[in-house]
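Here's a quick walk through a protein model, written for someone who'd rather be at the bench. Have a look at the fold first, and then we'll go through it piece by piece.

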Amino acid sequence: MIFALSKNLIEAQNEMCKGNWEIRGAKKAFELERKTVGILGLGAIGRETAKICKGCGMRIAAYDPFMTKEQVEGYGAKYYEDYVELLKDSDVVSIHVPLTDQTRNMISKKELSVMKPTALIINCSRGGIINEADLVEALNNGVIAGAGTDVFCSEPPKTDDPLLNCRNLIVSPHSAAQTREAVIKMAQMCIKGCLAVVEGKKWPYVADKSVYEHEKWKGADWAEI
């Protein structure tokens with residue numbers, strides 16, 4: 001989505017198919033090199049996104065309330081204690097946080113208003129983190145230059161949803177992880193996890209490893225997979 005938006009790819013295709021070859025001179029495309037990407041949430045997916053962006057020559061900024069300054073800088077990112085300050089400084093913002101009471105509407109009108117008018121914002125995390133009505137308003141009024149979203153507050157959204165009919169937006173049907181390879185891996189991991197449970201083994205991909213501190217496991221000589 002970052003690549004497509006930075007090249008104005010969707011509008012260029014739509015206009016070219018209408019016969020508008022001159023869209024190539026719209027002057028909306030820009031280089032990612034030396035631009036700042038702000039990563040909200042520097043977990044596993046956020047770190048992978050940062051690696052890709054760094055490979056494009058982008059500067060990495062990050063906000064993660066569960067990481068120290070030293071941890072964030074250890075991943076080669078500039079540390080931000082306040083995510084609003086990160087929004088102000090970023091050319092591209094990519095969201096990688098879960099939807100919780102604390103992150104719901106984390107990006108609303110107030111936060112969008114501090115972003116650069118040339119900035120992009122990407123949400124491939126969860127619907128509800130960006131206030132959708134405020135995003136539509138920001139896009140239609142030129143508050144920010146563009147956005148991409150793979151997730152929605154209501155899934156699937158209705159075809160007349162304002163979010164699907166605003167300018168400079170790229171959407172996909174919550175399919176960021178829906179590659180053939182990923183679906184196969186997810187199924188295999190599910191099976192292996194179930195087998196581990198029935199065999200009394202510790203599965204290394206348990207999201208919350210504190211479950212192994214439960215008294216059921218104390219003193220037990222369970223094998224590690």
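Two residues are in contact here when heavy atoms of theirs lie within 4.5 Å. With that in hand, take the contacts between residues at least 6 apart in sequence: 56% of them join residues at least 24 apart. Keep in mind that this is a predicted model.

**The overall picture**

The protein has 8 helices and 7 strands. Its C-alpha trace spans about 70 × 40 × 35 Å along the principal axes. Of the 225 residues, 38% are buried. On the outside, about 14,000 Å² is exposed, and carbon and sulfur atoms supply 55% of that. As for charge, there are 29 positive and 30 negative charges, and their mean positions sit 5 Å apart.

**Around helix H7**

Helix H7 runs over residues 132-140, and its buried residues are Glu132, Asp134, Leu135, Val136, Ala138 and Leu139. So the list includes the acidic pair Glu132 and Asp134. What covers these residues? The cover includes helix H6 (109-113) along with three strands: S5 (120-123), S6 (146-149) and S7 (169-171).

Both ends of H7 have something to show. At its start, a side-chain oxygen of Asn131 comes to within 3.2 Å of the backbone nitrogen of Ala133. Just after the helix, Gly142 takes a positive phi of about 75 degrees.

**Backbone oddities in the loops**

Most residues other than glycine have a negative phi, and most peptide bonds are trans. A few spots in this model go the other way, and the table collects two non-glycine residues with a positive phi.

| Residue | Phi | Relative accessibility |
|---|---|---|
| Lys27 | near 60 degrees | 77% |
| Arg34 | about 70 degrees | 59% |

Where do Lys27 and Arg34 sit? Lys27 is in the loop between helix H2 (9-17) and strand S1 (36-40), and Arg34 is also placed in the loop between H2 and S1. Are they buried or exposed? Exposed means over 50% relative accessible area, so Lys27 at 77% counts as exposed, and so does Arg34 at 59%.

The peptide bond to look up is the one from Glu155 to Pro156: it is cis, with omega near -5 degrees. Pro156 lies in the loop between S6 and S7, and those two strands are among the elements that cover the buried residues of H7.

Technical notes: Residues are numbered from 1 along each chain as its sequence is written. This is a predicted model: local features need pLDDT of at least 70, side-chain atom pairs count only at pLDDT 80 or more; totals for chains, interfaces and linings use all residues. Side-chain values use heavy atoms; hydrogens and water are left out. Helices (H or I, at least four residues) and strands (E, at least two) are DSSP runs, numbered from the N terminus. Buried means under 20% relative accessible area, exposed over 50%, partly exposed in between (1.4 Å probe, protein chains only). Accessible areas come from the Shrake-Rupley method with a 1.4 Å probe; for residues, only the protein chains shown count as cover. The place of a charge is taken as NZ of Lys, CZ of Arg, CG of Asp or CD of Glu. A polar contact is a pair of N or O atoms within 3.5 Å; within protein, one must be able to donate a hydrogen and the other to accept it, and residues adjacent in sequence count only if both atoms are side-chain atoms.
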